[in-house]
Amino acid sequence: MILRPGSSLSVTSAGSGWPPAVFDPAGPYSEPVTTLAWALLLGGTAVFALVLAALGVALFGSAALKARLGGEKAIWIGGFAFPAVVLTGLLIWGLMLTSSLSATRVTGAEMRVKIIGEMWWWRVHYQDAEGRETLRDANELHIPVGKPVLLELETADVIHSFWVPRLGGKMDMIPGRTNRLLIQADKPGVYKGQCAEYCGGPHALMGFIVVAHTAEDFARWKASRVPARGEQGRGLELFLSSGCAACHTIRGTPATGLAGPDLTHVGSRQTLGAGILPNNPGTMAGWIADAQAIKPANRMPAYHQLSAEELLAVSEYLVRRK
Amino acid sequence: MRSWAILLGGLLVWAAHFFLLYGIGEFAGASTAARGGVLILSMLALLVDFWLARRLITLRASDAFGRWRADVALGGLALTALAVLWQALPALIG
Amino acid sequence: MRSETGFDPALYDRFPTKGRRPKGEEDELRRIWCKPKGWEYLTVVNNNYVGIYYLGTAFLFFLMAGVLALLMRAQLAAPMLEILPQGVYNQVFTMHGTVMMFLFAVPAVEAAGVLLLPQMLAARDLPFPRLSAYAFWAYAVGGLCFFASIFVGLAPDGGWFMYPPLTSKTYSPGINTDFWLLGIGFIEISAIAGAIEIIVGVLRTRAPGMSLDKMPIFAWSMLVFAVMIVIAFPSIILGTLLLEIERAFNWPFFDATRGGDPMLWQHLFWFFGHPEVYIIFLPAAGMMSMIVATVAKTELVGYRLIVLAMLATGFISFGVWAHHMFTTGMPPMTTGFFSAASMAVSVPAGLQVFSWIATIAIGKRSFNAPGLFVLGSIVIFVTGGLTGVMVAMVPFDWQAHDSYFIVAHLHYVLIGGMVFPLFAAFYYWIPMVSRRALSERLAKWVFGLMFTGMNIAFLPMHLAGLQGMPRRVYTYLPGQGLELPNLISTIGAFMLAVGVSLFLVDLARNFRLALDEGNAGNVYDGATLEWLPSALYSTRSIPVVRSPEPLRDDPKLAEDVEKGRYFLPGSATGLRETIVTSPLLAEPQYLQIMPGPSAWPFAAAIFTAGFFLALTVQAYSFAWVSAVLTVASVLRWLWDTDRKVEKGEVDIGAGIMVPTYVTGPSSHGWWAMVILLVVMAMIFIMALFSLAFLWSNQPSFWAAPPLGDAVLISLLYGVAFAAALAARPLLRRGPTWPVLLFLVSTLASGIALWLDWNGWNATGLGPEASGQGAVIYALQALEAFALAIGVLMAAYCAARAGRGLITLPRSNTIDLTMLFLAYCAAQGLTGALFGRAFGMP
């Protein structure tokens, strides 16, 4: 079977595209922008209709109407006075919104997460209130509903941009800088995101999801983030002997590679390959066998040398890493 | 040169204003002092615009080209006064 | 202002002259401005030919980049298609943007300027015909080689904006990126050359009496366009230079781990990149203003408002660059400034649109081919302008930025603001250069398909963007609702392509080049000078312009001009020549002797292209040979110029006498040199900005500058400056003096530069050590480069002096070298002091 990214995905439940994500806000950092977007869209359409009407009058209007349109006074009104009034209002609105939504205003009550862009996936480092790292994960962010989340955005290589449109605007991840972004989800659910800054190669397939839980669910999820200990078996042996551990970490095992995503809880993730495949033993095996065919140019080599039986063992082992 | 200075007066004021503001934002941040600087610069720019406009109106040119030049210049002053006003807003909001 | 130069405007009343012109006068003009034959088509420098070549080549790039667009649309027609593999797609979208912006849009409007301006201003040619030829050939040869990189898989794939670190050696090790940096490098040179030509052309070669308030709007727009190029392009020239140096020599300008900053590139790129949009739009808007008035058979309403709008756009567009960076984490106040300026820049655009509507309102309704494209352009451009206001709002831009919403927005702006006006211009001006006009019947189909196709292609992209589809993706996952909008877009794109193909059919059927005589003429009844009867020498005589629309206001003008009843009815010196007039009121000042066809600009262009391409493929010895040959060709082409002609003063008509050789600030050469120095100064200023930017953003990497030698360096540069300036007055005492002074000047500057370098070297800071080191040595490298040219110029003066080719008591060659060397000293001094000022304890 050739795996195709996106085929019958659980992640597709994250959004069917309708209503468009920007018009379907799910939190206080996207909602006001949606209001603004509607105002701009409707206002823009109205202005467009006015200009068309003016053009219509210029072409087909009565002589009297045409005469009123055909002078410098009309140009000053249409081209200067009108935009001056409308744009002043818009500018004030925009400035106020910019300031209220920017992460320059932080109260300290936010949940803190550092997200580091990589070519072409995301490191997710959960932090406590003091900014100490508490948990590492990848490509998936779990948050409680109703609580603002302060993201510290960095990159390990080139410029990426973090964008989950239903939760907030986008923010670039730039070498040498830490940018901050506030997001919040008010309803439990899965919110799709994607890298928005062209980062070469499979930029198109650098997805991401945010999973918002109720407070109780979130506490349960957090409590379940304990690595399994002392586990043995063929899957782990193969994982270690095939070279996977050179790039991946599974806490509680000798696998401590850092180049690729942390796989301690990979089985609990909803997606594989950074938001592009559903996660099950079949897709896991397919990804390991030939990640290059699914997401060309990504950094994970193809493991053609593993037999079908070995593949199954490794992938079943991984899928169990809840 | 004088003709160009008259023709482009408002626009030159705008350019000086804008790049000074950018300099403040880039190199001095958004402290209260910086915001105050933005507002003072904006007042200055508007004053210069106003002074230029008055000169153009009182010293009405006698020839066709001079009048045309003054008309364009006045338009430029109106337009850039608006732009300067807008550029002062971020110091108050945001 | 009665007079600008002391010229008595009452002399204009002598025209039109009475009486018959001598026989053979017109034949002599024909002989002097003769048609090329055979190989001479390569060495031709006349604006009619160069303009057509230029426009044709630009249109070819439009078609080729259009094909790339179709490939992309095919790939995106459905999710997860594999028509274009990922790597190829990334090259294709990079090339589409790059080619459309650099190889089509800017050259196309520049070409229109080269072709139309002399006609519109009733000049015999542009003031530097050989420079036009050079600019064209460098662009054509270099551009085609650059484009060919895609056929061998070596095309750049970092996006047309080339953000480091993706484009750094670490993440783009191949030569693909070098193709972009070097390929764009010399296209920039070509654009600058064209801009200098256009500024001097518009300001100094207008028909007598055509004061600024009577100048055709297109000329105004080209003037603003060219000045904007001079201010904006240096930023990208410096950017490409720095990035290439970083790639080749590991100087970390943009490497955040070593005290550089990738944000610096974004500033340099967009300081060019956003004005670029208006650089493209303004000339097209100028064409629109001309066409709108003619099609409506009336005068343009709000001429002065349009001039105001263009000037204002020229300025304000330099205050919007960072609106491409609203999501980079800039502080809210700073984004606010750019948001405000982005709104301000929409006001002049509104003034122009309402001027066009007002003109249509007072005129006659007409739906001929140019008329349709004008209307289409207004509708599309207004849409793009409105979405532009939307994305100028910072919070909305956080959502829209880098999504397909922007793809939609920019295509509405550029297609409405440039492509449709250009097609209107094709229909409108082709009768000027073709035996037959294009088909009105077919034009309705072309317009219908292009207009509908354009909207079908780009309207759904707004939606796709708001659904969350990012830009620059080679594919997208199914199930996100993106299938339908993308499929519709693809259908629209192909419809647009069918429209363009139909236009090609029309061209094939009806376009028959007739530059000399026998063109279809003024089919739309235009009222500006390009519709006077003309041949390769432009108009038979150069009219006195008394109103903005001379052909409408003086029905006899065409006949009088054709019968030679105005200025310069024949050749005064037996050479190619045109009247140079004053910049504001266009009063005749002198007669410029123009160079004729020459193989050297062509050769210089070929070697320039060879140099850059050889650098790209790392054939260094070939590159240096090409560089030497380029310099030799340029010097050879200059060698014939700047000679005095026998007659010191000539009659340019009705007994008005003007000189044939002028030096100093009123000469066209002086103007061109000053503009060139502005370009160099802008490059240098952007480099100084880079230092200040890194100083402010990477303080932890800063090293203390050397200070002890500052006084000596300043003194030496001061000597160099004074020595250069003294050359002009001392030429009276013989050509040895200036040559000696130039020697002193270059030596003093050279020693100062060496001291500067030595001082920094002694601190132990190397160019690879940090961003600061890289910029410091880059400043010195820029100075060294300028000085090397200065030395060449001084040597050239010495060679001319040795051959007795320096005119006395004043010489343009000496004047211009003086300006250049004085500039070198000033630049060196500024760099040395500025570099030391940052980080002083």
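Is C:Leu81 buried, partly exposed or exposed? Keep that one in mind while we walk through this predicted model, and start by selecting the residue itself.

**Stop 1: C:Leu81**

Zoom in on C:Leu81 and colour chain C by secondary structure. You'll find the residue in the loop that links helix 3 (47-75) to helix 4 (86-121) of chain C. Now for the opening question: C:Leu81 is partly exposed, because its relative accessible area is 27%, and partly exposed covers the range between under 20% (buried) and over 50% (exposed).

Next, show what touches this leucine. If you skip the neighbours within four places in sequence, C:Leu81 is in contact with C:Ala74, C:Gln75 and C:Thr475.

Now select C:Phe225 as well and draw a distance between the two C-alpha atoms. C:Leu81 and C:Phe225 sit 42 Å apart in space, with their positions 144 residues apart in sequence.

**Stop 2: the whole of chain C**

Zoom out and select all of chain C. In cartoon view there's plenty to look at: 25 helices, plus 6 strands. Turn the chain around and you can follow its C-alpha trace over about 80 × 70 × 50 Å along the principal axes.

How does the radius of gyration of chain C agree with that of a compact globule? A compact globule of 841 residues would come out near 28 Å, and chain C has 27 Å, so the two agree.

Switch on the surface for chain C. About 25,800 Å² is exposed, and 68% of that comes from carbon and sulfur atoms. Of the 841 residues, 69% are buried. Looking at contacts with a separation of 6 or more in chain C, 81% are between residues 24 or more positions apart.

Then colour by charge. Chain C carries 49 positive side chains and 49 negative ones, and the centres of these two sets are 8 Å apart.

**Stop 3: chain A and its two domains**

Hide chain C and select chain A. Count along the cartoon and you should get 7 helices and 12 strands. Why is chain A described as more spread out than a compact globule? The radius of gyration is 25 Å, well over the 20 Å that the globule rule gives for 322 residues. The C-alpha trace of chain A spans about 90 × 45 × 35 Å along its principal axes.

Give each domain its own colour. Domain 1 of chain A takes in 16-70 + 102-222, while domain 2 takes in 234-264 + 280-319. Their C-alpha centres are 32 Å apart. Look where the two colours touch: 11 residues of domain 1 of chain A are in contact with 12 residues of domain 2 of chain A.

Buried residues account for 58% of the 322 in chain A. With the surface on, chain A shows about 12,700 Å², of which carbon and sulfur atoms supply 61%. Its charged side chains are 29 positive and 25 negative, and the centres of those sets lie 5 Å apart.

**Stop 4: chain B**

Last stop: select chain B. Which elements does chain B have, from the N terminus on? They run α-α-α-α, giving 4 helices and 0 strands. The C-alpha trace of chain B stretches over about 50 × 20 × 15 Å along the principal axes.

Of the 94 residues in chain B, 52% are buried. Chain B exposes about 4,300 Å², with 74% of it from carbon and sulfur atoms. Colour by charge one more time and you'll find 7 positive and 4 negative side chains in chain B, their centres 8 Å apart.

Notes:
Residues are numbered from 1 along each chain as its sequence is written. Chains are lettered from A and ligands numbered from 1 in the order in which they are written. Side-chain values use heavy atoms; hydrogens and water are left out. Helices (H or I, at least four residues) and strands (E, at least two) are DSSP runs, numbered from the N terminus. The radius of gyration is taken over C-alpha atoms; the globule rule is 2.2 Å times the number of residues to the power 0.38. Buried means under 20% relative accessible area, exposed over 50%, partly exposed in between (1.4 Å probe, protein chains only). Contact means heavy atoms within 4.5 Å. Accessible areas come from the Shrake-Rupley method with a 1.4 Å probe; for residues, only the protein chains shown count as cover. Lys and Arg count as positive and Asp and Glu as negative; His and the chain ends are not counted. The place of a charge is taken as NZ of Lys, CZ of Arg, CG of Asp or CD of Glu. Domain bounds come from an automatic or database domain assignment.
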